[in-house]
Protein chains: 4
Amino acid sequence: MDDGRGVTGHPDLAEGTPAGTRREVAPNAPRDGARFDPSDTRQARSTVAGPPRGILRLGHVDVTVTDLDLATAYYTEVMGMEITALTDDSVYLKCWDEEDHHSLSLRYAPQVGMDLMSFKVHHEDDLAELENRVSRYGLPVERISKGDVLGQGESIRFATPSGQLMELVADVEKVGTSRSRNLSEPGLDEGRSVRDRIAPPRMDHMLITAEEVGESTQFYMDVLGFRITEQLLDGNGHQLGTWLERSHSPHDLAIVHGPNGGLHHFAFWLDDWDDVRDAADILAYNGIQLDVGPTRHGITRGSTIYFFDPLGTRNEVFTGGYRPDPDFPTLTWTADNIGRAVFYYEGELNDRFMRVHT
Amino acid sequence: MDDGRGVTGHPDLAEGTPAGTRREVAPNAPRDGARFDPSDTRQARSTVAGPPRGILRLGHVDVTVTDLDLATAYYTEVMGMEITALTDDSVYLKCWDEEDHHSLSLRYAPQVGMDLMSFKVHHEDDLAELENRVSRYGLPVERISKGDVLGQGESIRFATPSGQLMELVADVEKVGTSRSRNLSEPGLDEGRSVRDRIAPPRMDHMLITAEEVGESTQFYMDVLGFRITEQLLDGNGHQLGTWLERSHSPHDLAIVHGPNGGLHHFAFWLDDWDDVRDAADILAYNGIQLDVGPTRHGITRGSTIYFFDPLGTRNEVFTGGYRPDPDFPTLTWTADNIGRAVFYYEGELNDRFMRVHT
Amino acid sequence: MDDGRGVTGHPDLAEGTPAGTRREVAPNAPRDGARFDPSDTRQARSTVAGPPRGILRLGHVDVTVTDLDLATAYYTEVMGMEITALTDDSVYLKCWDEEDHHSLSLRYAPQVGMDLMSFKVHHEDDLAELENRVSRYGLPVERISKGDVLGQGESIRFATPSGQLMELVADVEKVGTSRSRNLSEPGLDEGRSVRDRIAPPRMDHMLITAEEVGESTQFYMDVLGFRITEQLLDGNGHQLGTWLERSHSPHDLAIVHGPNGGLHHFAFWLDDWDDVRDAADILAYNGIQLDVGPTRHGITRGSTIYFFDPLGTRNEVFTGGYRPDPDFPTLTWTADNIGRAVFYYEGELNDRFMRVHT
Amino acid sequence: MDDGRGVTGHPDLAEGTPAGTRREVAPNAPRDGARFDPSDTRQARSTVAGPPRGILRLGHVDVTVTDLDLATAYYTEVMGMEITALTDDSVYLKCWDEEDHHSLSLRYAPQVGMDLMSFKVHHEDDLAELENRVSRYGLPVERISKGDVLGQGESIRFATPSGQLMELVADVEKVGTSRSRNLSEPGLDEGRSVRDRIAPPRMDHMLITAEEVGESTQFYMDVLGFRITEQLLDGNGHQLGTWLERSHSPHDLAIVHGPNGGLHHFAFWLDDWDDVRDAADILAYNGIQLDVGPTRHGITRGSTIYFFDPLGTRNEVFTGGYRPDPDFPTLTWTADNIGRAVFYYEGELNDRFMRVHT
């Protein structure tokens, strides 16, 4: 928690936390200040009165970029993310309200694409159990040692049925939230404000492409425990797209029909529709043409803009949607409604949305 | 518009769901359309890849009112809830986007107060396990039979350490969401729109009072598995208030120092700050004086208005706040910040907030 | 509309005016409750300390429709306007916060088009003077007698240089604003709310097409006293579009290059960006595909949606923009910026926007 | 403020104007780029087709402060105004979207108060005519020479019937709007963003106190040509407060009962309700306790926050309200509604609002 400058001195004050607030260990909270102590095996093993088990949320997306400087400039100056680490060929970034080490990494490569998608798992024991389940499903699992990836400990990796490399990790370095309005604090944001940038509070979800949406969906549900909130069916009742969640949000991961291995987009959370407009203003000012939106999705009910980073990876900003508890029924959309399902205001898909991915 | 299945055929079209949308059983979803089938014991018992266990969310608050007609008029005409059942002395209500039978019940009694607070549990097995835990803690538990409460099956009840009667229930009748913009549909909302009413999509959380906040908090955490997101400490480090969650929101239940058995308020969710203003307009138009707000809480970061129903029970409308994952550290506020912690803009508590509860 | 208690019985309570408010003659106000008494010639002739002179604002747009019932259903049920008068072949409508008799009329005809555009003039004397100026410019002027048009007295009409029929009128019947949240008032809004409709408070501006934008602009400025707030120039410095105002708003009338006599769209005012989203929701729910938006104009800075009524006349909802005082410099956009000038987020015009008008 | 590229190099890009936009002389606009050329006497004298005459708007408020550094820090760092000039004892400031030299000046003095209120007049000829009218009313008028006040030419000054010193001026230096999102432009905003400050686009209105509200109102209406939009009457029908406009807004100047010579507050315009919340966040973060709000006025329908600058002068941020054309009837509020008239949500005045002014 402590960043040497006193993490507790940098709460996000614009968002409701005054300067004097300390983030500290609660008397009734576990030793490390987390609400559950990952080293307390007894607690982690409890069930009805214990913490959630398994996958918590989307952790980070690792993409390749053909121009590391340009990509970094975009994700910091326009998107407003913060750099948490740099290596020779990679940049690690997080959003201001995220505690974990990074939610996006950029690696230089001659081609744009996705290295992997990483999901945060609650406890090391959950990781072991999930490793077992993936292996039993028949997929080879690689264990990555602590120290091999910046900002996190041991993880497992495997190629999903639709070809994306997936990582699961429980042990992630917490670097604390860092946003402050007090620009005179040395070292913080280099004296400049995040508010002329989009500055989403956090990464929200991602969407991948799969040749067999149904098979992939089954894998994520049966093996990894994702819940399906909505689905889009073609005329024969086959799944064209599925929306899956672990974090009680409308989706942490979605799958749409397309080539195996594809990344359609990853999405940042915004707090409301006015932030969506501000994002559009900032993107337009920076010469980034919007792909679709501001509009609303029928699926998830969320408000959205799609656009591309300067190297061609699709980004989304997203807000709204309902709170889908686990006992909420799955909502099914049929092919005759596909336009409205995806872009509720336009009522039709655009070509780019269907064809372009990385 | 009518799908022949009754009320549940009226998805909320204003919020992004076109007329032709069907809510139906997904091929990969359990038989009953729920994302997890409560009758599938194997699934319910799974862990890392299974559904959440234990308490899902606040289910319903049962309060007494001294004038049932007046209270009903307020909760339907001003708040915009829907009546799902009526008995001689009680009215059952739900918000338009809630699936379950009711989230509020009003019972006539000569005095205003709270009968009980009911939390939804995922599975019958979880209920049994929680019953065990409460008994082992030393509290007498009563089992209520199916049929004794409208709209739900078997439940357990017990007096919490701070004197409120608490109910846990897994088996709740799903009545579907019912909002529609098509006012000409007979029987729906009696030909009138919910949009001149506040019409929150759902109940969000509640706040109770306790003489021993620390002891109560420990009970909810250790026995029932709540996680603590924020706490307010007095000068000696004792808890004056704690914010607890099960649903990945900033709070499902909060406890502040006060007499045992007290209900401070229950809160409805709104989608954004503009809905908060609209709620203020509707309340003021209906002659309901606002107690506090529109303002922001330091704790939870949420935006809020407090006000009283015509019989004197405090209501809140609430939006915003961050998404507190289980690995997010607890945020601690100290007594010197109490004003800002509770009402960030005013920087001070008002007397009514501290003294008045039911 | 009239509730038997007079116009003043329908203040807009949702917008901040409580039920008991009376709209009555102010001690220091002219006899008829208007802030300036049009019958007081001395006052109307004053200059620096007198009321504004000449054209006040866009008064009403008269369009033809090929299906009067369908058009009426759309403008009342979806747009949320109120019918103030009906004749055999015409319907007269106003927005809820407008005082004047109508701001839109629909007339049955075998072809969709515009009959005329009518601008409100402050005083009868101003009308006479403007009649003179138009005649001296060389355009034939017709004087229409009181009683020939519903809801208004004498007016003048003439074909503008670009072929649209223009009306100027000072004497318009005030019918009062009529919106109320109190649905139990008999006769008011027939027991139904305007809030499930878009319900803009007022008409805002209109845009016409002209073969010679420069010549037309000169006419509106020199003869009728419009002020130019923004202009779009082609590569040769010729005006492709001009934005003209009389009401201290970014535009009351705009002219873009196109066939003489064309109506590009008329626009309703909305109060903010959230109302723009709500309008999009209501349009989409009613199956009306959005043409462009929600987006922002570079020109005027306003937020906007374009769409078509069911017969093919383009509508806009518009909000925002700056307050352009008469001493504010004209803002010039050049052709290389045309995309951003018109649709700031998309950065490009769509074909429909350029080709389609009525 | 000048970046060496001319004023037109700083369009407001965040608000919809891309980087390449030039503000230049329009072919159909007067020589100096203003929409009306103040040096063109013929034009200024025209009536129905000419520019507005007389007072255009509130120009600037000149207040005294007991700590010039503290006041300057507040109005720049928190309020986000820009310094346009400095002298030994005074600081001149403008909002980012204002063209004129300043809208606020701060002068060091041992006591907080108001030096004068200055209103912008359209043309020098109007100024002469208004001078005449004030003299004929019986008030001594002083003519201030060009060069005596920074940023403006000749003006007239007089004590109003309620004792405030009033200035009227036509000749004001235009310095251009200066906001840019491009923080790397040297010299612009010293490398820091205005968006962590409230940064209102412009000054909107002011409210003064008068012992005889009726007499004062009559003066502003009859002599200076203000129009009355709303009034608040006591039980005997006497005016307790009046709202007066020249700029087609709900009020440029308001008068409430109180000691002669008092300044109740001046108000900055914000674009919407979300900006009101952001202002509240910024004020709270900077330790400035809100006086009232966020709330809505019944009168004007506007949304508002009141608060005090660090030296004790009341500020307001204001948005919304209707567009009151000159033919709109005056709205009258009676004393039994005074609470709702002023603070619609609270339904009652607070003591500070009635007692405290400077």
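Student: In this predicted model, what share of the interface residues of chain A are also interface residues in chain C?

Tutor: The model is a prediction, and its chains A and C are copies that meet through the same surface. This follows because the interface residues of chain A recur as interface residues in chain C, and the share that does so is 100%.

Student: By what turn can chain A be laid on chain C?

Tutor: The superposition of chain A on chain C has an RMSD of 0.0 Å, with a shift of 0.1 Å along the axis. The two copies are thus related as by a two-fold rotation axis. The turn that lays chain A on chain C is 180°.

Student: Which residue of chain A comes closest to the rotation axis?

Tutor: The distance is taken at the C-alpha atom, and for the closest residue of chain A it is 3.0 Å. That residue is Pro294(A).

Student: How much area do chain A and chain C bury between them?

Tutor: The size of an interface is often given as the accessible area lost when the parts come together. Here 20 residues of chain A are in contact with 20 residues of chain C. Of the buried area, 47% lies on carbon and sulfur atoms, and the total is about 1800 Å².

Student: Which residues of chain A lose the most area to chain C?

Tutor: Three residues together account for 34% of what the chain A side buries. They are Trp273(A), Arg277(A) and Tyr345(A).

Student: How are helix α5(A) and helix α5(C) oriented to each other, roughly parallel or roughly perpendicular?

Tutor: Two packed helices are described by the angle between their axes and the distance between the axes. In both chains helix α5 spans residues 273-285, and the two axes come within 9 Å and cross at roughly 100°. Angles of 65 to 115 degrees count as roughly perpendicular. The helices α5(A) and α5(C) are therefore roughly perpendicular.

Student: How many charged residues has the contact of α5(A) with α5(C)?

Tutor: On one side stand Trp273(A), Asp274(A) and Arg277(A), and on the other Trp273(C), Asp274(C) and Arg277(C). By class, this contact has 2 nonpolar residues and no polar ones, while the number of charged residues is 4.

Student: Which strands stand at the edges of the open sheet in chain D?

Tutor: The order of the 9 strands is β14-β15-β16-β13-β9-β12-β11-β10-β17, with mixed pairing. An edge strand has a single partner, so one side of it is left without a neighbour in the sheet; in chain D these strands are β14 (290-296) and β17 (331-334).

Student: What is the bridge partner of Gly302(D) in β16(D)?

Tutor: Strands β15 (residues 302-308) and β16 (residues 314-320) of chain D run antiparallel and are joined by 7 bridges. In β16(D), the partner of Gly302(D) is Gly320(D).

Definitions and conventions
Residues numbered from 1 in each chain as written. Chains lettered and ligands numbered in written order. Predicted model: local features only at pLDDT ≥ 70, side-chain atom pairs only at ≥ 80, totals over all residues. Heavy atoms only, no water. Pairing = 2+ DSSP bridges. Helix = DSSP H or I, 4+ residues; strand = E, 2+ residues; numbered from the N terminus. Least-squares fit on C-alpha atoms with pLDDT ≥ 70 in both. Contact = heavy atoms within 4.5 Å. Axes fitted to C-alpha atoms, helices over the stretch in contact; angles between N-to-C directions. Parallel < 35°, antiparallel > 145°, perpendicular 65-115°, else oblique. Nonpolar A, V, L, I, M, F, W, Y, C, P; charged D, E, K, R; others polar. Buried area = accessible area lost by both parts, 1.4 Å probe.
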